[in-house]
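Subject: Structure handover

Hello,

Here is the structure I said I would pass on. My notes on what turned up in it follow below.

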Amino acid sequence: MIPNSPIRADRIGHDIDALAAITEPDRPWTRRAFTPLFLEGRKWLEKAMREAGAVTQIDAAGNLVGTIPGLNPQLGTIMLGSHSDTVPDGGRFDGIAGVIAALEVARALRDQGVVLDHTLEIVDFLAEEVSIFGVSCIGSRGISGTRPAEWLARESDGVTLEKAIVAVGGALHRPAQRDDIKAFLELHIEQGPVLQNEQRDVGVVTAIAGITRIEVVVEGRADHAGTTPMGARKDALTTAAWIALGVEELARALASGDEHFAATVGEFEMTPNAANVVPARVRMLIDARAELRADMDRFVDELGKGIAAIAEKTGVAVGEPRIVSDNPPTPCDPDLLEILDAACDSAGARHRRMASGAGHDTAWMARITKAAMIFVPCRDGRSHAPDEFATTEDIALGTAVLLDAVKALDTRLQEKS
Ligand SMILES: [Zn+2]
């Protein structure tokens with residue numbers, strides 16, 4: 001139980017179990033967006049939202065939204081939520097904890113007889129995880145006006161994304177973008193080990209890291225592995241190995257400060273990949289994540305210089321690193337961060353500020369409104385795996401923080417305007 005809070009851990013635990021039960025039976029806990037199970041999960045959520053006093057609808061972007069009108073609805077909307085879809089073999093908490101937390105905030109307000117001045121909305125965003133259409137954050141991109149038009153023609157099993165959005169209840173002839181949302185808050189499991197290791201209850205997220213993906217191609221030369229002398233080779237793999245180690249060294253240096261930085265050689269293909277042939281070609285894809293744009297700029301710059309130096313040393317040609325995709329970091333709203341810090345203190349939650357290395361719906365919501373998020377601990381930092389786990393008590397404490405923040409926001413937003 002949380003002292004002085006109407007948040008009920010038992011309800012949260014019950015709801016998470018109920019949603020977890022809606023899973024592919026042989027592959028817990030799988031409920032991918034657009035599947036019949038996903039729709040069944042949403043049916044359950046819709047009912048729970050209505051029981052919490054909300055009016056439900058599927059918005060034009062395909063999000064499930066529960067609305068509780070405010071006393072002064074022209075003030076606009078405070079929105080809370082996350083996503084109910086999972087990755088294949090995913091966890092019971094990623095996204096789901098945030099949707100249930102939003103629901104519990106609505107129930108706690110109702111239990112206290114509190115109606116906000118602003119309208120309160122609980123949202124389950126459509127397809128936050130990479131979906132069967134190969135793209136993610138479809139609902140939050142829709143609502144924020146950042147869903148690329150060409151996405152709608154993407155196909156999966158002969159069905160276009162456009163048709164799939166309509167099939168879940170969305171509508172493409174209606175505008176999806178919102179301009180009445182005054183603030184958005186999301187609770188999410190950390191998906192990393194920092195809070196557990198530091199024995200903190202809540203992470204107040206300062207920014208969602210930018211993600212830049214860089215392709216590097218090493219062009220060596222295929223030769224006979226038995227007859228070509230060691231000094232006469234153009235081995236693409238050994239040069240690529242130097243580069244991979246260089247990426248790690250550079251990333252470690254950039255990660256040694258307070259701001260989040262990580263880089264990974266996540267894809268690696270070697271040709272011809274045969275035992276008796278000197279490797280001819282390697283293609284690597286580097287995934288780099290930075291809280292600060294300046295750190296990413298430095299990484300890209302130093303990577304280019306480092307690669308040139310390695311190519312010079314080994315005598316193997318390496319193409320110019322090619323930036324394949326580049327999303328800048330999204331800072332969370334400073335006013336909301338202050339409100340969340342204060343809410344942690346009043347709920348008795350040990351907290352710290354931290355960046356998110358993973359992408360979240362909050363990053364897209366930040367395009368159209370003040371947005372911020374909090375993390376709650378998850379066991380050993382495990383996520384996107386069946387053994388992902390967060391305690392009901394930890395989620396409930398985070399939810400109490402959310403409730404306090406919503407109440408503070410309801411007043412503060414009026415002072416500001
Ligand atoms: Zn998530």
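In this predicted model, helix α9 covers residues 334-347, which makes 14 residues. At 1.5 Å a residue the helix should span 20 Å, and its end C-alpha atoms are 20 Å apart, so the expected and the computed values agree. At the start of α9, a side-chain oxygen of Asp333 comes to within 3.0 Å of the backbone nitrogen of Asp335. After the helix comes Gly348, whose phi is positive, near 75 degrees. Within α9, the buried residues are Leu336, Leu337, Ile339, Leu340, Asp341, Ala343, Cys344 and Ala347.

Two of these helix residues, Leu336 and Leu340, are also touched by Leu185. Leaving aside residues up to four places away in sequence, the other contacts of Leu185 are Met79, Leu80, Gly81, Ala372, Leu402, Ala405, Val406 and Leu409. Leu185 is one of the residues with the most contacts inside the largest nonpolar core, along with Leu120, Ile395 and Val401. That core has 71 residues. There is also a second, separate core of 25 residues, and among its members are Ile214, Ala236, Ala251 and Phe261.

Next, the strands. Strand β7 takes in residues 181-189, and eight of its nine residues are buried. It pairs with two other strands:

- β3 (residues 77-83) runs parallel to β7 and is joined to it by four bridges. One pair to look at is Thr77 in β3 with its bridge partner Ile181 in β7.
- β16 (residues 370-376) is also parallel to β7, and seven bridges link the two. Here Ile189 has Val376 in β16 as its bridge partner.

Some backbone geometry is worth a look as well. Most residues other than glycine have a negative phi, and most peptide bonds are trans. The following places depart from that pattern.

Where are the cis peptide bonds? One joins Pro28 and Trp29, with omega at about -5 degrees. Trp29 is in the loop between α1 (9-20) and α2 (36-51). Another cis bond joins Thr271 and Pro272, with omega at about 0 degrees. Pro272 belongs to the loop between β10 (261-271) and β11 (281-290).

Positive phi values turn up at Ala127 and Asp157, neither of which is a glycine. For Ala127 the angle is about 50 degrees, and the residue is in the loop between β4 (119-125) and α4 (138-143). For Asp157 phi is near 55 degrees, and the residue is placed in the loop between β5 and β6 (159-160).

Is each of these two residues buried or exposed? Buried means under 20% relative accessible area and exposed means over 50%. Ala127 has a relative accessibility of 0%, so it counts as buried. Asp157 is at 82% and therefore counts as exposed.

Ser156, in strand β5 (residues 155-156), has a relative accessible area of 15%, so Ser156 is buried. Not counting residues up to four places away in sequence, Ser156 touches Ile132 and Phe133.

That is the end of my notes.

Regards

Key: Residues are numbered from 1 along each chain as its sequence is written. This is a predicted model: local features need pLDDT of at least 70, side-chain atom pairs count only at pLDDT 80 or more; totals for chains, interfaces and linings use all residues. Side-chain values use heavy atoms; hydrogens and water are left out. Buried means under 20% relative accessible area, exposed over 50%, partly exposed in between (1.4 Å probe, protein chains only). Contact means heavy atoms within 4.5 Å. A nonpolar core is a set of buried Ala, Val, Leu, Ile, Met, Phe, Trp, Tyr and Cys residues joined through side-chain atoms within 4.5 Å. The expected span of a helix is 1.5 Å times one less than its number of residues. A polar contact is a pair of N or O atoms within 3.5 Å; within protein, one must be able to donate a hydrogen and the other to accept it, and residues adjacent in sequence count only if both atoms are side-chain atoms. Two strands pair if DSSP finds at least two bridges between them.
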